Amino acid sequence: MLIQRTFIVYDISYQNKSFDDEESVDGNRPSSAASAFKVPAPKTSGNPVNSARKPGSAGGPKVGGASKEGGAGAVDEDDFIKAFTDVPSVQIYSSRELEETLNKIREILSDDKHDWDQRANALKKIRSLLVAGAAQYDCFFQHLRLLDGALKLSAKDLRSQVVREACITVAHLSTVLGNKFDHGAEAIVPTLFNLVPNSAKVMATSGCAAIRFIIRHTHVPRLIPLITSNCTSKSVPVRRRSFEFLDLLLQEWQTHSLERHAAVLVETIKKGIHDADAEARVEARKTYMGLRNHFPGEAETLYNSLEPSYQKSLQTYLKSSGSVASLPQSDRSSSSSQESLNRPFSSKWSTANPSTVAGRVSAGSSKASSLPGSLQRSRSDIDVNAAAGAKAHHAAGQSVRNGRLGAGALNPGSYASLGKTTDYGKLYHVLSLISVKTSSYTLIISIHSCYLRIVHMFK
């Protein structure tokens, strides 16, 4: 019987060696007894993990469920909106009763020694009061000022459930009170930014969602420095989110709320375009569009101060997003110049009067000579000697454009005896127009030689 017990204990200790790795192989009694005590646990396999999550999930499955509470998921603004009114209903009978309730809430939230479940319920109680119409009482705003410290302490809590409830409550306050929540928003925003790089996704996304609600509903200029200062944070996720928030701010706010901080916005966006992180640079380019909608002059000055490589990156992004109108006027004209060079000639050039065409060609040739070198046609294949010979016949080409051949500009005995323009002269006139239009000296010389041969053949 003793041998059988020893064998059973040894077998149990082998199966549970993951719990007691240091127990001896011979099955000494102290460690074997401990292992034997753990045997009933496999009957509820996986329950230790689930039981650890039950308090969190039971405390508030309203927003996202147990999976989000465990950090595997995230909350968004839709979850916040659902949680605004998904609270116990209360009734307010007098301002004195409201004051007593708010004092009790502040007492619970200000002491982190209270059970976390009580603190989460106290945050929900604030939302219940908002739904019941607490904002209609003057005493509510006085006590709300006193709740700033308690809300900040709740947003710093180690329990993700408490942090999430605090962020939802802050977002609800901003949604209901608007700009009247200016003091509370200014106090809580720095704490919310500290949640952005948190490894627990539920806490990080709760902080981001709360900041978005504040930006949309509480338009207070004092919030701008709080956001722009985080655009230069050492944390890469914070910089990315900060430019995202800044883009949202430029979309939602009116220009008069931004005027005092226009220079700060320009400098922040410029630093973002030069950011070391690629995603932060993309978010910063998005803010340029919003900046130009509010301050076109400052945006163009910012664009001109960028290096050519950053200007090109900004152009590429704006064109890909269909916002070519956001480019400076000078850049829009230069970006379309290459397209105009490749555009085919209009049909009116071929059907117009030859004299009119000649005038347009001469005017176009004079303008073409003043174009920058980058827009001129390449002439690297022109023979130097041929170009020198073409200059000698340039005067003849000018007279041909006017409809007559100048005898002084022709070689003796060639076609000076024609006296006036003949059919051959008209042919030479049209060919010369083509050569001038293409700006090819080699073609001019070839046409001139061909014309001389035709004249000598029919003499």
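Let's start with Leu246, which is buried, with a relative accessible area of 0%. Please keep in mind that we're looking at a predicted model. Leu246 sits in helix α14. So what is Leu246 in contact with, once we leave aside its neighbours within four places in sequence? The list is Ile227, Thr228, Cys231, Leu265, Thr268, Ile269 and Thr287. One of those partners, Thr268, is 22 residues away from Leu246 in sequence, and the two C-alpha atoms are 9.7 Å apart in space. Another partner, Cys231, counts as buried too, at 3% relative accessibility.

Now, Thr268 takes us to helix α15. This helix runs over residues 262-273, so 12 residues. From first C-alpha to last, α15 reaches 17 Å, close to the 16 Å expected at 1.5 Å a residue. Which residues of α15 are buried? They are Ala262, Leu265, Val266, Thr268, Ile269, Gly272 and Ile273. And here's a nice detail: these residues cover an arc of only 165 degrees around the axis, which puts them on the same side of α15. Looking at what covers them, we find several helices, including α13 (223-230), α14 (236-252), α16 (278-294), α17 (296-305) and α18 (308-320). You'll recognise α14 there as the helix that holds Leu246.

Let's move on to the nonpolar core. The largest one has 80 residues. Those with the most contacts inside this core are Phe80, Phe140, Leu173 and Leu291. Take Phe140 as our example. Setting aside neighbours within four places in sequence, Phe140 touches Leu98, Leu102, Leu130, Ala134, Ala135, Leu173 and Leu177. Notice Leu173 in that list; it is also among the residues with the most contacts in the core.

Just before Phe140 in the numbering comes Cys139, and at 9% relative accessibility Cys139 counts as buried. Since we've now met two cysteines, how many disulfides does the structure hold? The count is zero. For anyone new to the term, a disulfide is a covalent bond between the sulfur atoms of two cysteines.

Finally, let's step back to the whole protein. There are 26 helices and zero strands. Of the 459 residues, 39% count as buried. Among contacts with a separation of 6 or more, 69% come from residues 24 or more positions apart. As for the outside, the accessible surface comes to about 25,600 Å², and carbon and sulfur atoms account for 54% of that.

That's my tour, and thanks for listening!

Key:
Residues are numbered from 1 along each chain as its sequence is written. This is a predicted model: local features need pLDDT of at least 70, side-chain atom pairs count only at pLDDT 80 or more; totals for chains, interfaces and linings use all residues. Side-chain values use heavy atoms; hydrogens and water are left out. Helices (H or I, at least four residues) and strands (E, at least two) are DSSP runs, numbered from the N terminus. The expected span of a helix is 1.5 Å times one less than its number of residues. Buried means under 20% relative accessible area, exposed over 50%, partly exposed in between (1.4 Å probe, protein chains only). The arc is that of the directions from the helix axis to the C-beta atoms. Contact means heavy atoms within 4.5 Å. A disulfide is a pair of cysteine sulfur atoms within 2.5 Å. A nonpolar core is a set of buried Ala, Val, Leu, Ile, Met, Phe, Trp, Tyr and Cys residues joined through side-chain atoms within 4.5 Å. Accessible areas come from the Shrake-Rupley method with a 1.4 Å probe; for residues, only the protein chains shown count as cover.
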